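Biologist: I am new to this structure. Please walk me through one helix and its aromatic rings.

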Amino acid sequence: MKVRPPATYQGGKQRLAEQIVAIVQSEWHRRTYSDFADLCCGSGAVAIAARLDGIPAASIIMIDAGPWGSVWAKVAAGKFSLETLRRIAAAVPKDPEHQAAFIRELLLQPAHIDHAEVFLILQAGSFGGKAIDDAGGKWRGTARGFWRSPKDPKKWTVTMMPCADEVVRRMEVLCELMLGVTAWRGDFLELKDEQGILYIDPPYVGTSGYAGKKTIGFDF
């Protein structure tokens, strides 16, 4: 069974994750490492691939400064509410033409309410997979709009990637697969004296800002 990240995310590594982990594993077996840290983990594509490739949950660290960090922290601790996610997903209109309006209404809800579960639905409905932010206790983002072809009424744009029910299905698998990893929301520089392999998601110079900050480049 193919295991995917919960929602589409700008800069996600789903297509490259297996290759990244293959490099990690070659280094892992060449030396004796205790941990693999996925810094700026986002949707968790690399950490998920690491678990599928046999790296134990107890050896994986996931850190993200945005809402993804909150999601993985709850999953890791067994506190993510699938029941709440199912309830929110069930409220999403089945007709794609009305989904964008639902996402826009959800963006107006205070960010502390069912934070991690609401975030996944918002991220799935985000325009271009851009990062949904929760600065100042308010959701910030743009819903993917709906468009129907004037020439073919059966053709329309997908307003959620994936659909709400698929977000639920993915999280049902991930809540079991990623249970027991170490995860938190914060600056990856908080990780001190770590002995292991550290993977940092490459910066995206010139793309949309994240968490109210401009994207920057690093020179290592």
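Modeller: A residue counts as buried when its relative accessible area is under 20%. Keep in mind that this is a predicted model.

Biologist: How many of the 10 residues of helix 3 are buried?

Modeller: Helix 3 spans residues 67-76 and is mostly covered. Its buried residues include Pro67, Gly69, Ser70 and Val71. Trp68, Trp72, Val75 and Ala76 are buried too. The number of buried residues is eight.

Biologist: Which strands help to cover the buried residues of helix 3?

Modeller: The cover includes helix 2 (45-52), helix 6 (115-124) and helix 7 (164-177). Strands take part as well: strand 2 (60-64) and strand 3 (182-185).

Biologist: How many aromatic pairs does the structure hold, and how are Tyr9 and Trp68 arranged?

Modeller: The structure holds four aromatic pairs. The ring centres of Tyr9 and Trp68 lie 5.6 Å apart. Their planes meet at 75 degrees, and over 60 counts as edge-to-face. So the pair is edge-to-face.

Biologist: How many residues apart in sequence are the parts that this pair ties together?

Modeller: Tyr9 sits in the segment before helix 1 (17-30). Trp68 belongs to helix 3, so the pair ties together parts whose separation in sequence is 59 residues.

Biologist: Is the pair of Trp68 and Trp72 stacked or edge-to-face?

Modeller: Both Trp68 and Trp72 are buried. They are four residues apart in helix 3, about one helical turn. Their ring centres are 6.4 Å apart and their planes are at 15 degrees, so the pair is stacked.

Biologist: Which residues do ring pairs link into a cluster?

Modeller: Tyr9 and Trp68 are both buried. Ring pairs link these two into a cluster with Trp72, Phe119 and Trp139.

Definitions and conventions
Residues are numbered from 1 along each chain as its sequence is written. This is a predicted model: local features need pLDDT of at least 70, side-chain atom pairs count only at pLDDT 80 or more; totals for chains, interfaces and linings use all residues. Side-chain values use heavy atoms; hydrogens and water are left out. Buried means under 20% relative accessible area, exposed over 50%, partly exposed in between (1.4 Å probe, protein chains only). Helices (H or I, at least four residues) and strands (E, at least two) are DSSP runs, numbered from the N terminus. Contact means heavy atoms within 4.5 Å. Rings of Phe, Tyr and Trp (its six-membered ring) pair if their centres lie within 6.5 Å; planes under 30 degrees apart count as stacked, over 60 as edge-to-face and the rest as tilted.
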